[in-house]
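User: Hey, got a minute to walk me through this one? I'd like to start with how the parts of a chain sit together.

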2 protein chains.
Amino acid sequence: MNHAIKQMEWAFKEIYKFSSKIPIRTHINIGERQNSLIMPVFLPSSQYFIVKIVNIRSDKIPSIVGVINVFDVNSGDLIAIMDGGSITQMRTGAASGLATRYLSNEDSKDLVLFGTGSQALYQIDAVLEVRDISFIGVVGSSAKKSNSFSKIIKNNYSIECSPIKSSEIPGNSIICTATTSQLPVFSDEQIPPGCHINAIGSYQPLSREIPSSTILRSKIVVDHLKMCILEAGDLIIPKEEKIWSFENIYCEIGELVLGLVPSRENKKEITLFKSVGNAVQDLAIVNYIMRKL
Amino acid sequence: MNHAIKQMEWAFKEIYKFSSKIPIRTHINIGERQNSLIMPVFLPSSQYFIVKIVNIRSDKIPSIVGVINVFDVNSGDLIAIMDGGSITQMRTGAASGLATRYLSNEDSKDLVLFGTGSQALYQIDAVLEVRDISFIGVVGSSAKKSNSFSKIIKNNYSIECSPIKSSEIPGNSIICTATTSQLPVFSDEQIPPGCHINAIGSYQPLSREIPSSTILRSKIVVDHLKMCILEAGDLIIPKEEKIWSFENIYCEIGELVLGLVPSRENKKEITLFKSVGNAVQDLAIVNYIMRKL
C-alpha cells in the first residue's frame, strides 16, 4: 500500500497536468442493476496504454469486477490483462491514503468507516499507512455487518475496533465513506471540528454520501475537476440546489502534491477529499506492476 | 463468411432499432501513428456485453490489432477474450457482402478492389459469397503490391485476377475501397453506370476514399447514421464543401434488411455503402462464436 500511495503522487500530478487530454469515461447501464465503466487512458509519460472495464453492482460482493487491458504504446500490441477489481480497490484506497496525508490533522487517532464492503478494507490499509490510528469505528448498513466487519478488522490489524453510530464520531477523526448509498450517510451536525473526510463511494450525478451542509462548510479537494463536474453527486446535488458552486472547490489533489497551494490551514477546519476515480490512477498501479515483472 | 453475413442482418437491424442506445466510440491518438478505438456495446437482445479495443496504424501489417472483452450480462464477469483484429476484418467483410447482396446488380461479374491489405481479402471472400464474379481487378498503391496480391487471389480463388488502373473499371462492377488513403482513390468519371461501391477504408472525418462528385450522384446507404455523421470523412467532406447534406442519405442498411425501403431501383444507378464500422457487428460475430463453443 505504501508503494501504491507513492504511485498516486505520480497519478494526480499527471491528472492535473494533462487534464484536458484524459478522456471522459463511458458509463453503460447493463439491465437495471449493473453500471459498466469503460476507462481508457494514454499519457505521453507512460509506455503503456490501458483500457479498464469495470462492472459495478450493489447486489454482489465484490461489487466491482472487471479487467484492465494493457497495450504497449510502441507496438500497439496487447501485452497484459490484469484484474480490474483488485487494482481499482488498491488505487482507490491509495488515493484516500494520499489525501489523508495531505489534509488530515497529523495527530488524528480515530478512523471512522462508513461501509463494510471490500473497498472499506483498502481504505483502512491506506489510512493506517499515513496516520497513527488507535481506534476504528464502523458504521455499516446493518448491526450484523458492522459487528462481523469490526471483528475482522480487530483480528487483522490488532487495533481497537467496534461498531459506532454516526452520532458518535470523535472530534479530529478521519472519516471514509465507502458505501453504495444514494443518500447522505450522516447528518452535518454529526461531524465535529478537525475531521477529514474521504468521500469515495458515490460516482454518479444523482447519488451522494455527503449532505449539502457538510459540503458547504468543508475545504474541498477533488481528484479531477473535469470528471467531478460530470459525475460527483456529492457536489452536483448542492450545485443543483443552487447553494454551492464548483468555484468553491479548493483545488485538485495534484496541486497539493505539486506544492502549488497549502493543504490544511488550521486544526479545526473540515477537509473533504472527493474522488470519483480516474484511469490514470489505474495506470499508475499498472506501471508499478509492469516494472516488477 | 456465409454465417458472418447472416449475422450482419441481425446486427444492422439492431443498429437501426437501438440507434440512440449505441454509445459513440472513443478515439484516442497514441503518438503520431496510432489511432485506438474503444467500442463498448450492450443490447437488451444479447446475453453478452462486449468492449472492443482496436489499435489501427497504417505503418504495420496487419494494420488492425486488438482485443474483444466479452462479459456475461447476468453475472458481470469477463468470460472470454477474443482477437479484435480478425473479428474486425471478418465483420467488415461480411457487412460489404450484405450490402452487395442488397445493392449491386445481380448480374455483376466484375469485382474491383482498391487496397491490397488483409482487409481486402475479406472483402473478396464476402463479395464472392453473394455474386457470381468472374474477374477481380486490383488497384494497389504500388505495382509490386498489386502484382503479388493478384497472384495470391488467383491461386486462392481460381478466378481471373490482375492489376488494373482506376481508369479501367468495367461497367456494372462491384467496387470495394479498403485502403488507408486520406484522399480519393479514383476520380468520378472513372465510375461507369451500374456500379456498386463498398467504401469501408475511411473512418475519420478528415480522410476519404471517395470523391465528392461520386457521393453526389450515388444512392447512399450507411451502416449507422449517427456514427457516420461524426466519422465518415467520405460524407463529412462534401457536407463541409456545402455541396451535399446528410439528408441526402437514402437509408441505413438496417432499413433494407427490415424491408422498409426498396434497394436498387434500376440497373444504371450508382449505389454506395458507407461503413465506418460498429461494435454491434462485432457483437453479432461474438454471439455466433459463443453459440458454437
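Analyst: Sure. This is a predicted model, and in it the C-alpha centres of domain 1 of chain A and domain 2 of chain A lie 22 Å apart.

User: Where do those two domains run in chain A?

Analyst: The domain assignment puts 2-87 + 280-292 in domain 1 of chain A, and 104-278 in domain 2.

User: OK, and how many residues does each one put into the contact?

Analyst: Domain 1 of chain A gives 24 residues and domain 2 of chain A gives 26 residues. Between them the two domains bury about 2100 Å², with 62% of that on carbon and sulfur atoms.

User: Which three residues supply more of the area than any other three on the domain 1 side?

Analyst: A:Phe12, A:Tyr16 and A:Arg25. That trio supplies 28% of the area that domain 1 of chain A buries against domain 2 of chain A.

User: Switching to helices. How do H2 and H9 of chain A cross?

Analyst: Helix H2 of chain A covers residues 84-103 and helix H9 of chain A covers residues 279-292; their axes come within 9 Å and cross at roughly 110°. An angle from 65 to 115 degrees counts as roughly perpendicular, so H2(A) and H9(A) are roughly perpendicular to each other.

User: Which residues meet there?

Analyst: From H2(A) you have A:Ile87, A:Thr88, A:Met90, A:Arg91 and A:Ala95, and they meet A:Gln281, A:Asp282, A:Ile285 and A:Ile289 of H9(A). By type, the residues in this contact are five nonpolar, two polar and two charged.

User: Now the other chain. How many residues of chain A are in contact with chain B?

Analyst: 29 residues of chain A, against 29 residues of chain B. Together the chains bury about 2200 Å², 68% of it on carbon and sulfur atoms.

User: And which residues in chain A lose the most area to chain B?

Analyst: A:Ile30, A:Phe42 and A:Phe49, which together make up 19% of what the chain A side buries.

User: Last one: what rotation superposes chain A on chain B?

Analyst: A rotation of 180°, with 0.0 Å of shift along its axis and an RMSD of 0.0 Å. So the relation is that of a two-fold axis. Both copies use the same surface, as 100% of the contact residues of chain A recur in chain B.

Note on methods: Residues numbered from 1 in each chain as written. Chains lettered and ligands numbered in written order. Predicted model: local features only at pLDDT ≥ 70, side-chain atom pairs only at ≥ 80, totals over all residues. Heavy atoms only, no water. Least-squares fit on C-alpha atoms with pLDDT ≥ 70 in both. Contact = heavy atoms within 4.5 Å. Axes fitted to C-alpha atoms, helices over the stretch in contact; angles between N-to-C directions. Helix = DSSP H or I, 4+ residues; strand = E, 2+ residues; numbered from the N terminus. Parallel < 35°, antiparallel > 145°, perpendicular 65-115°, else oblique. Nonpolar A, V, L, I, M, F, W, Y, C, P; charged D, E, K, R; others polar. Domains from an automatic or database assignment. Buried area = accessible area lost by both parts, 1.4 Å probe.
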